[in-house]
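Reader: I would like to learn how a ligand site and a salt bridge are read from a model. Could we begin with the site?

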Amino acid sequence: MRTNRTFTMIKPDGVANNYIGAILNDITAAGFKIIAMKYTQLSPSLAGKFYAIHAERPFYNDLVSFMSSGPIVAAILEKDNAVADFRTLIGATDPAKADAGTLRNKYAASMSENAVHGSDSNANAEIESAFYFTAFEQF
Ligand code: CMP
């Protein structure tokens, strides 16, 4: 399995707060190459499918509602050790616990509106990338 790719979304809060440029700049400055990118909005149905793994969690309905509330930027990123290095770059799920300088420390307001998604495993990076992008959209 690939170990040099991960998947990210700039979430509706990151877009609404006008952080697309700053977040992409931080991502590329950290050594990630953007090999696919899309500016789009999830329907509630698609957001529900993307986060199906969390369907039994108490925050699932709010998560689906929030993630379909406005446009997002989806991207596939390439770098050695991409999944782990990107999770280090974005910081803890709860921005209050995210290390200084991480994306969530800099750009996120709360656990539910935390600016950026990053895949949690190589397997999920492949699944999440394929959710948004065909092979012809990956460079
Ligand atoms: P993300 O990494 O995109 O994947 C699942 C998301 O669910 C997570 O970011 C958070 O935004 C959200 N989430 C996780 N735990 C909680 C929680 N306890 N309360 C609200 N939202 C949560």
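Author: For classes, Ala, Val, Leu, Ile, Met, Phe, Trp, Tyr, Cys and Pro count as nonpolar, Asp, Glu, Lys and Arg as charged, and the others, Gly among them, as polar. By these classes, the shell around the ligand has 4 nonpolar, 5 polar and 2 charged residues. This is a predicted model, in which local features need pLDDT of at least 70, side-chain atom pairs count only at pLDDT 80 or more, and totals for chains, interfaces and linings use all residues. Residues are numbered from 1 along each chain as its sequence is written, and side-chain values use heavy atoms, with hydrogens and water left out.

Reader: Which side chains have an N or O atom 2.9 Å, 3.4 Å or 3.3 Å from a ligand oxygen?

Author: A polar contact to the ligand is a pair of N or O atoms within 3.5 Å. Tyr 51 has such an atom at 2.9 Å from a ligand oxygen, Arg 104 at 3.4 Å, and Asn 114 at 3.3 Å.

Reader: How many salt bridges does the structure hold?

Author: Side chains of opposite charge can pair when their charged atoms come close. The structure holds 4 salt bridges (a side-chain nitrogen of Lys or Arg within 4 Å of a carboxyl oxygen of Asp or Glu), and one of them joins Glu 78 and Arg 5 at 3.1 Å, N to O.

Definitions and conventions. A polar contact is a pair of N or O atoms within 3.5 Å; within protein, one must be able to donate a hydrogen and the other to accept it, and residues adjacent in sequence count only if both atoms are side-chain atoms.
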